[in-house]
Amino acid sequence: MKMFPFRFVDLFAGLGGFHLALKRIGGECVFAAEWKEPLRALYEENFDMRPAGDITLVSPTDVPDHDVLTAGFPCQPFSKAGEQLGFECTQQGNLFFNVAAILKAKRPSYFILENVPNLLKHDGGRTWTEIQGILGLAEGGLGYHIRAERLSPHNFGIPQIRERVYIVGSRRSLSEFEWPTISNAPTNIESVLDDHPTDAKQLSAQVAECLSVWDDFLRLCPKDVELPSFPLWSMEWGATYPYETSTPYSRYVEKGLDGLKGYKGSHGIRIGYLRDLDQRWAALPSHARSQELVFPKWKRDFIRQNREFYARNSQWIDPWLPKILKFPSSLQKFEWNAKGGKRRIWDYVIQFRASGVRVKRRTTAPSLIAMTDTQVPIIGWQRRYMTPHECARLQSLDELKQLPRSPTRAFHALGNAVNSSVVEHVARALLATRTVRQRELWEADTIECP
């Protein structure tokens with residue numbers, strides 16, 4: 001159901017997820033900005049308006065008057081997957097201040113911002129405190145009432161777990177504002193899939209072989225052995241290098257080349273027999289080559305858990321282990337997220353990530369990221385990758401007339417996109433806070449802003 005008309009701007013527009021969502025409820029986009037030229041051309045094709053380019057080159061006073069500002073400002077500076085430089089990231093981290101400058105110049109009634117959940121915890125919470133100070137009611141702030149919440153598409157019946165933080169602001173009190181109701185209804189990825197689409201990318205020989213090797217691992221695992229929920233790092237099976245109170249690097253600092261003598265590296269390789277430091281270093285798992293005197297707790301825990309799992313199960317793991325050695329390090333790691341399910345890899349959704357081969361139930365798809373072709377979710381029971389159009393459904397962007405023509409660019413853009421269905425739920429809840437009098441003013445075509 002559409003609401004009364006309003007004007008909005010779409011900053012960092014990408015594929016136009018905000019545009020689709022707000023247009024559905026009666027919004028008119030009066031300005032958009034996107035710095036990537038291919039996406040600007042695509043936005044014009046989909047929405048009949050060409051976005052401005054680099055937002056840093058746009059004067060805030062040149063942005064048309066509007067009622068709602070929307071922005072999925074770049075998340076990389078705050079993401080756990082990146083360097084987490086935040087506002088110190090000179091290329092992208094300070095783009096938030098361009099958003100704030102437009103809010104200051106145009107003073108729209110509302111805003112909706114989207115980012116990664118880590119934004120709230122970044123730099124010990126100081127980044128979020130600074131954002132609230134800039135936008136909020138404190139002295140020197142822009143005077144907005146602010147609320148923030150983590151939401152994911154699966155909360156609204158869409159089969160994707162992709163949590164993002166949504167920040168809403170209003171020039172009037174948000175005392176009557178309530179976040180949209182979360183649905184507990186079960187989801188299934190098959191609701192967005194086509195049946196053996198002809199344009200789906202097929203599995204390469206290496207990918208198919210790797211999955212078959214891990215399928216053998218599942219088959220060989222005794223029924224009375226519980227598959228762990230922590231990531232399985234096969235390179236730790238047989239390794240003995242120090243990790244609890246010291247590290248390979250600290251041993252090298254202390255004793256030089258001899259510091260690694262007597263230890264075993266990846267898959268039990270004897271390090272001491274290797275001739276020089278580079279060879280010995282390369283024989284260690286990649287996660288053990290860091291120049292750390294002490295490993296962080298999470299890494300120590302994963303190493304310990306893997307070595308203990310191997311110690312209990314080496315009898316059936318050892319005959320299998322040589323099969324995994326031919327693959328790159330990232331394919332030697334395995335995450336089983338289907339606890340209690342049938343131990344057959346082809347029955348599930350699979351994704352290749354730098355952290356390993358992830359296996360998930362059919363209830364949801366893995367979180368879409370700015371994916372390379374090899375990170376696109378694999379539909380195991382059809383032995384093929386998801387298509388761009390299927391991924392668009394996961395992002396509630398299937399209304400778009402056109403996606404990027406190149407699958408590589410399409411997957412990357414979809415991974416960066418905002419989910420338009422989640423945005424619509426948030427926007428409806430936010431705009432419902434207007435009073436009856438405000439509705440009357442809008443319906444009378446007044447330009448007065450609440």
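Helix 2 spans residues 37–47, and its buried residues are Leu39, Arg40, Leu42, Tyr43, Asn46 and Phe47. They sit on the same side of helix 2, because they cover an arc of only 165° around the axis. Please keep in mind that this is a predicted model. Here is a short tour of helix 2, strand 3 and the surroundings of Ile369.

**Around helix 2**
- The cover over the buried residues of helix 2 includes two strands, strand 1 (6–11) and strand 2 (27–32).
- Helices contribute to that cover too, among them helix 1 (17–24) and helix 10 (407–416).
- Asp48, just after helix 2, has a positive phi of about 60°.

**Strand 3 and its partners**
- Strand 3 covers residues 68–71, with Val68 and Thr70 pointing one way and Leu69 and Ala71 the other way.
- Whichever way they point, all of these residues are buried.
- Strand 1, which helps cover helix 2, runs parallel to strand 3 and is joined to it by four bridges.
- Within that pairing, Ala71 of strand 3 has Leu11 opposite.
- Strand 3 also pairs with strand 4 (residues 110–115), again in the parallel sense and over four bridges.
- Here Val68 has Tyr110 of strand 4 as its bridge partner.

**The loop with Ile369**
- Look for Ile369 in the loop between strand 10 (356–360) and strand 11 (378–379).
- Leaving aside residues up to four places away in sequence, Ile369 touches Arg353, Gln375, Phe411 and Gly415.
- From Ile369 to Leu414 there are 45 residues in sequence, yet the two are 7.6 Å apart in space, C-alpha to C-alpha.

Technical notes:
Residues are numbered from 1 along each chain as its sequence is written. This is a predicted model: local features need pLDDT of at least 70, side-chain atom pairs count only at pLDDT 80 or more; totals for chains, interfaces and linings use all residues. Side-chain values use heavy atoms; hydrogens and water are left out. Buried means under 20% relative accessible area, exposed over 50%, partly exposed in between (1.4 Å probe, protein chains only). The arc is that of the directions from the helix axis to the C-beta atoms. Contact means heavy atoms within 4.5 Å. Two strands pair if DSSP finds at least two bridges between them.
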